[in-house]
Amino acid sequence: MALGKLPYKQLRILLKGHLVLREDPETAKLIRELKQARRRGYLTPAELERICRWKSPRVIRRIKSNTPARIRATTGRALATQSERVRLEYLTTLNGVSVPMASAILTLLNPQKYGVIDIRVWQLLHAVGAVSTRSSGLGFTFNHWYQFLMIIRYFAEKLQVSARDVERALFLAHRAHQKGTLYAKRGSS
């Protein structure tokens, strides 16, 4: 496991200890620039590529294989629906968009309501007992993402901060207590 022993017994205390209300300047700039996409109601290929470069540049070739029309239509449908399940399902039909990438898209478009699910935040939530499956922090489904979303929204409301602030605190706490490599080597158990 990539996470060392945590000195916290409660998620609320951990969050308070790692809560940083300042966004990284480059991320803050990207969020500001994407406000236009949110108002417009869809992403352009260039906007989707910028999000991809921010979250996981290794899938940029797959992201670029989506046509402009497909990106516009799919992201438009995702942003128009009220259903979180349908929203995630639409986004993950795009080439290169997994559940973590879809969560990054939603986070950068609306950090008040969303945070990025990834290996770090999930492993940390698992370590404090907030979630009980996928200790590896890999292979997310809608149910994992929705559980994560409900947790970060709950604490965002309690702490009077954004969902992104809560997610970032989880990420930073994991980084502060990480032991060894983040990903297991291929072929090891």
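These legends describe close-up views of one predicted model.

Residues are numbered from 1 along each chain as its sequence is written, and side-chain values rest on heavy atoms, with hydrogens and water left out. In this predicted model, local features need pLDDT of at least 70 and side-chain atom pairs count only at pLDDT 80 or more, while totals for chains, interfaces and linings use all residues.

**View 1. An aromatic pair: W122 and F140.**
The structure holds 5 aromatic pairs. Rings of Phe, Tyr and Trp (its six-membered ring) pair if their centres lie within 6.5 Å; planes under 30 degrees apart count as stacked, over 60 as edge-to-face and the rest as tilted. The ring centres of W122 and F140 are 5.4 Å apart, and their planes meet at 65°, so this pair is edge-to-face. The two residues are 18 apart in the chain, and their pair links distant parts of it. W122 belongs to helix α8 (residues 119-127), and F140 to the loop between α8 and α9 (142-159). Helices (H or I, at least four residues) and strands (E, at least two) are DSSP runs, numbered from the N terminus. W122 is buried at 0% relative accessibility. F140 is buried too, at 12%. Buried means under 20% relative accessible area, exposed over 50%, and partly exposed in between (1.4 Å probe, protein chains only).

**View 2. A ring cluster with Y114, F142, W145 and Y146.**
Ring pairs join these four residues into a cluster. F142 lies in helix α9. Its relative accessibility is 14%, so F142 counts as buried. Leaving aside neighbours within four places in sequence, F142 is in contact with E84, R85 and L88. Contact means heavy atoms within 4.5 Å. F142 and V99 are 43 residues apart in sequence, yet their C-alpha atoms are 7.4 Å apart in space. W145 touches E84, L88, V99, S103, L106, Y114 and I117, again not counting residues up to four places away. The charged end of R153 sits over the ring of Y114, 5.0 Å from its centre. A charge sits over a ring if NZ of Lys or CZ of Arg is within 6 Å of the ring centre and within 35 degrees of the ring normal.

**View 3. The largest nonpolar core.**
Which residues touch the most other members of this core? They are L11, L15, L43, W145 and L170, out of 53 residues in the core. Helix α9 gives the most to this core, with 9 residues. A nonpolar core is a set of buried Ala, Val, Leu, Ile, Met, Phe, Trp, Tyr and Cys residues joined through side-chain atoms within 4.5 Å.

**View 4. The buried side of helix α3.**
Helix α3 spans residues 45-55, and E47, L48, I51 and C52 are buried in it. They cover an arc of only 140° around the axis, which puts them on the same side of α3. The arc is that of the directions from the helix axis to the C-beta atoms. The cover over these buried residues includes α2 (25-40), α4 (60-64), α5 and α7 (99-109).

**View 5. R40 between E47 and Y42.**
The side chains of R40 and E47 meet in a salt bridge, 2.9 Å from N to O. A salt bridge is a side-chain nitrogen of Lys or Arg within 4 Å of a carboxyl oxygen of Asp or Glu. R40 is partly exposed at 28% relative accessibility, whereas E47 is buried at 12%. The charged end of R40 also sits over the ring of Y42, 4.9 Å from its centre.

**View 6. G76 in helix α5.**
Helix α5 covers residues 68-80 and holds G76. Is G76 buried or exposed? G76 counts as buried, at 18% relative accessibility. G76 touches G41, Y42 and I71, not counting residues up to four places away in sequence.

**View 7. Salt bridges within helices.**
The whole structure holds 9 salt bridges. In helix α2, K29 pairs with E33 at 4.0 Å, N to O. These two are 4 residues apart, so about one helical turn separates them. K29 is partly exposed at 36%, and E33 is partly exposed at 33%. R168 and D165 form another salt bridge, with their closest N and O atoms 2.4 Å apart. They sit 3 residues apart in helix α10 (residues 163-177), about one helical turn. Both R168 and D165 are buried. Salt bridges that share partners join E23, R164, D165, E167 and R168 into one network.
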